Amino acid sequence: MRTARDKTLNGPFVISLLSLLFITACGREQVATAQTDDWPSFRGPAGQGVSQSKVAPPVEFGDSKNIAWKTPLPGPGGSSPIVWSDRIYITCWTGYNVPGESGGSQEKLQRHLIALRRDNGKEIWSVPIKATLPEQDKIREEHGYASSTPAADKAGVVCFFGKSGVYAFDHQGKQQWHAEVGSTIHGWGSAASPVLYSDLVIINASVESESLIALNRKTGEKAWSVRGIKESWNTPILVDVGGKKELIVAIMGKIFGITPETGEQLWSCDTDIGWYMVPSLVAHEGVVYALGGRSGVAGLAVRAGGKGDVTGSRRLWTSKKGSNVTSPIYSAGHLYWMHDNLGIAYCAKAETGEIVYDKRIERAGQVYGSPVLANGLLYYPTREGRTYVIAARPEFELVATNELERRGTFNGCPAVVDGKLLIRSDKFLYCMSSE
């Protein structure tokens, strides 16, 4: 007999309120107090890709210039580095379908959560995590089995590994809990990253179960789940609306506003984007901006805080310029992004969506990692190891082109802390610094 309340989110879904209690004692696993410029999750503190550091990262760097350290990684990954207190955390995989390596088997497939020292990149500990089998035999474009970025707080680190589930560890690497969120696989793999909010871990498990799932941060028990989350690889964001938080997620054709405490749907907005949604959203003063798709409508803005279907009342504009992979940056009334395949850098007016510039950058190639904004400059990483530095203003200015050695593929997003720029490849984690 079903005991949970049923609701409808433009289709069937279930909210299961099992537990919303959080035990605050974190015990011996705590490390030093968080620092003001920590980068604790995908795209930084608010998921917006904007650095709060008062120290500027280097504008120019390369294999022999402004590299503070370079740490070899045991395997590849599409995830991004995060920083909490004196630690850097990063994930990768080994044992199966490793680019450039022969052999291997699903039985040998392992993910790894690695803790490094923030100051010099030396390894503190590494935890291997065996895969739940069977896994998929191949993932397109070698995206692999470690594409979700971890998230950290004072209690520890949370990782998401697709059908292998969600894992929580303390800061010494001891496993706290493991939760499954579905078993479906997809040709593009799994990629959305955990979001930590209050006493919850929020997971976009669109690939695994077409669900958005909230887990109790302390125990891993399911607090609520929302069904009907289809063709969605983006990491949800939290938006402040009138002193309350709304959880925003994009699926194919729609954007939803959800109450993060309970999973209740607040509003929905049609996107008119006819493709799966990969780029994560950004927001400013209650307006949410989305990119996605390969043709037709590829961008839009919607004002959060509504009720029901807000397509006609709160959708502000749509645009045919966007990106299918990379997420945008909001800065001073403008949106900035780079197309994932065309090598075009865009600037648009946030109020109207009007394109201010679209500049093709020579040799840009593919761009899968999303940009970061630091000290008035945009850092755009490419898959080939180049980083383009562009002024964050509506007049296009390419400030610098930086190249790292062509060893491995660069799929992750940079992190900015202490005036340092962290960039991962399939082979190394690099720390750039002008100090």
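**Figure 1. Strand 34 and strand 35 in the predicted model.** In strand 35, Cys 431 is the bridge partner of Leu 422. The model shown here, and in the views that follow, is predicted. Strand 34 and strand 35 (residues 428-432) pair in the antiparallel sense. Four bridges link this pair. The two strands form a hairpin, with three residues between them.

**Figure 2. Strand 33 and strand 34.** Strand 33 covers residues 415-417 and pairs with strand 34 in the antiparallel sense. Three bridges hold the count for this pair. Val 416 has Leu 421 of strand 34 as its bridge partner. These strands also make a hairpin, here with two residues between the strands. In this hairpin, Asp 418 takes a positive phi near 55°.

**Figure 3. The two faces of strand 34.** Strand 34 spans residues 420-424 and is mostly covered. Five of its five residues are buried. Lys 420, Leu 422 and Arg 424 point one way. Leu 421 and Ile 423 point the other way. The buried set thus includes Lys 420 and Arg 424 alongside Leu 421, Leu 422 and Ile 423.

**Figure 4. The largest nonpolar core.** This core has 29 residues. Tyr 379, Leu 421, Leu 422 and Leu 429 touch the most other members. Several strands each supply at least two residues, among them strand 5 (87-94), strand 6 (110-117), strand 29 (372-374) and strand 30 (377-381). Strand 33, strand 34 and strand 35 do so as well. Strand 35 gives the most, with five residues. Another core, of 18 residues, lies apart from this one. Its members include Ile 255, Trp 267, Leu 281 and Ala 304.

**Figure 5. Surroundings of Leu 429.** The contacts described here leave aside neighbours within four places in sequence. Leu 429 is in contact with Leu 422, Ile 423 and Arg 424, among others. Further contacts include Trp 69, Lys 70, Thr 71 and Leu 73. Pro 81, Ile 88, Ile 90 and Leu 116 are also in contact with Leu 429.

**Figure 6. An open sheet of five strands.** The strand order is 16-17-18-19-23, and the pairing is mixed. Strand 16 (237-241) and strand 23 (308-309) are the edge strands. Each of them pairs on one side only. Strand 19 (residues 265-270) and strand 23 run parallel, joined by two bridges. Trp 267 stands opposite Gly 308 in strand 23. Trp 267 also belongs to the core of 18 residues.

Note on methods:
Residues numbered from 1 in each chain as written. Predicted model: local features only at pLDDT ≥ 70, side-chain atom pairs only at ≥ 80, totals over all residues. Heavy atoms only, no water. Buried < 20%, exposed > 50% of the residue type's maximum accessible area, 1.4 Å probe, protein only. Pairing = 2+ DSSP bridges. Core = buried A, V, L, I, M, F, W, Y, C linked by side-chain atoms within 4.5 Å. Contact = heavy atoms within 4.5 Å.
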